[in-house]
Amino acid sequence: MITIAIIVTNVEAGGTKRFADEISEAWKQQNKRIIYVQVVERIIHIKVMEKSSASRNVYLFNDSKLEKLIEILKFYNVQLLHVQHLLNANIEFFNLHKELNIPLIITLHDYYCICPFIKLIDIHDSYCGEKGITACNFCLKERIFYSYTLNENIKSIIEWRNFWHNYLKEAYSVIVPSFDMKNRINKYFPNLKISVFENPEIINFTKIKKVGIIGSLTVPKGAEKVKECVEYAAKHKLPLQFILFGEMIGFDKFTKDERKYIKVLGAYQEEEIYNNILDYNIDYFWFPGIWPETYSYTLSIPIKLKIPCLSTNIGAVAERITNNKWGKTYSWNAKTTEIINELLNFESEEFKNNDFKIKNNSFGNFYEFYKNINFTESEVSTEKNSENLSIIFKINEQISKVEFGYLWRNYNFVNKIIILRYLKLYWIKDSLKKLGIKNFIKKIVSSIL
């Protein structure tokens with residue numbers, strides 16, 4: 001088996017570490033043995049990577065002459081040394097390829113070999129302009145750079161570059177990820193042969209589709225369908241996230257993992273919902289209802305924002321979407337797997353056009369609307385009206401659940417306290433059983449305030 005060593009020192013994050021990790025994994029998948037050497041100050045972490053077995057780890061400490069490291073690399077018959085970075089490396093690493101008598105490959109990920117501050121930036125963290133030797137030496141004096149490799153403060157940029165130039169010349173190949181970088185390095189080392197190899201983009205981007213749902217979910221509105229799809233998405237780790245602008249009974253029954261796939265934002269005011277929706281970058285809205293709605297104000301909200309819609313093929317929602325080319329529909333009694341397929345494959349971009357309009361945005365003229373009715377003007381006593389409004393607080397018997405709910409939603413703090421006395425005891429017991437005392441009190445307090 002061909003074995004190579006990948007070396008990176010004192011770099012634990014960023015593009016350099018990513019490249020080192022990814023190239024190691026790539027060669028391992030091609031059935032090569034990788035000896036991944038990562039150094040963090042005095043710790044040398046050696047990871048032996050093979051496709052057919054789990055990685056084996058060895059940690060060395062204070063191996064200043066690299067004797068143990070060399071012994072391990074020889075044991076595995078390493079045939080190539082690929083250096084990713086030697087930031088603050090032990091000076092012995094610069095001779096490692098000679099000790100092993102194997103080819104050296106160096107990938108440069110930054111400008112460390114020409115500028116010890118790595119990024120060609122000045123004391124203000126801005127591009128220095130590469131103004132020449134005098135400016136570089138002044139920068140070194142002003143900022144002070146201690147090299148753990150050379151064990152001294154670097155005062156001469158020429159000495160620093162000569163050290164690196166001599167090392168780079170020993171490489172079988174020096175690789176950089178862009179022609180811009182190649183040209184910059186060659187300005188300082190004109191005779192150095194440099195190859196350009198762009199960093200591969202190994203990680204594939206899978207866009208998570210953000211599916212908006214609007215309105216409070218009940219069974220006819222598709223609550224069960226949403227529940228099934230969330231469970232399916234979580235189980236199969238699908239790239240879907242559901243954002244519900246509304247409430248959902250049964251949300252508390254989702255597992256912790258399933259809740260990662262749905263965000264329930266609660267009740268909303270229509271005046272505020274438009275900006276809230278824009279904050280979530282919704283790809284399209286889903287209307288999962290399984291009954292023939294007669295109209296749908298909620299459908300108008302995404303349409304006003306020019307966001308396409310997917311719905312079941314039943315009722316006014318389907319009619320409006322289809323007639324106005326606002327999206328597409330699917331069978332109202334589709335199975336979960338069929339719905340998931342629709343959700344994953346709905347191409348919202350196809351339906352984004354200038355025809356996204358709500359045209360019925362006015363009731364028109366009052367008398368035109370009621371053109372066959374004769375109206376007579378009359379006055380109403382404000383005193384009598386006030387008396388009718390206050391009579392509700394003169395009741396002396398328990399009110400129905402519907403009555404209580406209506407009053408609770410519409411009256412202020414004082415009036416809410418008053419009507420609490422008319423709430424039937426078994427309703428309280430039922431709520432306590434469902435919510436628990438802590439959540440019950442929290443709900444009451446939050447709704448009062």
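In this predicted model, the largest cavity is lined by 14 residues. Those that lie nearest its centre are Gln84, His85, Leu86, Leu108 and Trp164. Three elements each give two or more residues to this lining: strand S5, which spans residues 80-86, strand S6, at 104-107, and helix H5, at 157-169. Of these, S5 provides the largest share, namely four residues.

The character of the lining can be described by residue class. Nine of its residues are nonpolar, four are polar and one is charged. As for volume, the largest cavity holds about 110 Å³ of space. When cavities of 30 Å³ or more are counted, the total is one.

Helix H5, which contributes to the cavity lining, also packs against another helix, H4, formed by residues 133-143. Two packed helices are described by the angle between their axes together with the distance between those axes. For H4 and H5, the angle is about 100 degrees and the axes are 9 Å apart. Because angles of 65 to 115 degrees count as roughly perpendicular, H4 is roughly perpendicular to H5.

Which residues bring the two helices into contact? On the side of H4 they are Ile133, Cys136, Asn137 and Leu140, and they meet Ile157, Ile158 and Arg161 in H5. By class, the residues of this contact comprise five nonpolar, one polar and one charged.

Terms used:
Residues are numbered from 1 along each chain as its sequence is written. This is a predicted model: local features need pLDDT of at least 70, side-chain atom pairs count only at pLDDT 80 or more; totals for chains, interfaces and linings use all residues. Side-chain values use heavy atoms; hydrogens and water are left out. On a 1 Å grid over the protein atoms alone, a cavity is a set of points where a 1.4 Å probe fits but cannot get out, and a pocket is an open set with protein on both sides within 12 Å along at least five of seven lines; lining residues have an atom within 4 Å of a point. Grid points are joined across faces, edges and corners, and a volume is the space filled by probe spheres set on the points. Ala, Val, Leu, Ile, Met, Phe, Trp, Tyr, Cys and Pro count as nonpolar, Asp, Glu, Lys and Arg as charged, and the others, Gly among them, as polar. Axes are lines fitted to C-alpha atoms, for helices over the stretch in contact, and angles run from 0 to 180 degrees between N-to-C directions. Angles under 35 degrees count as roughly parallel, over 145 as roughly antiparallel, 65 to 115 as roughly perpendicular and the rest as oblique. Contact means heavy atoms within 4.5 Å.
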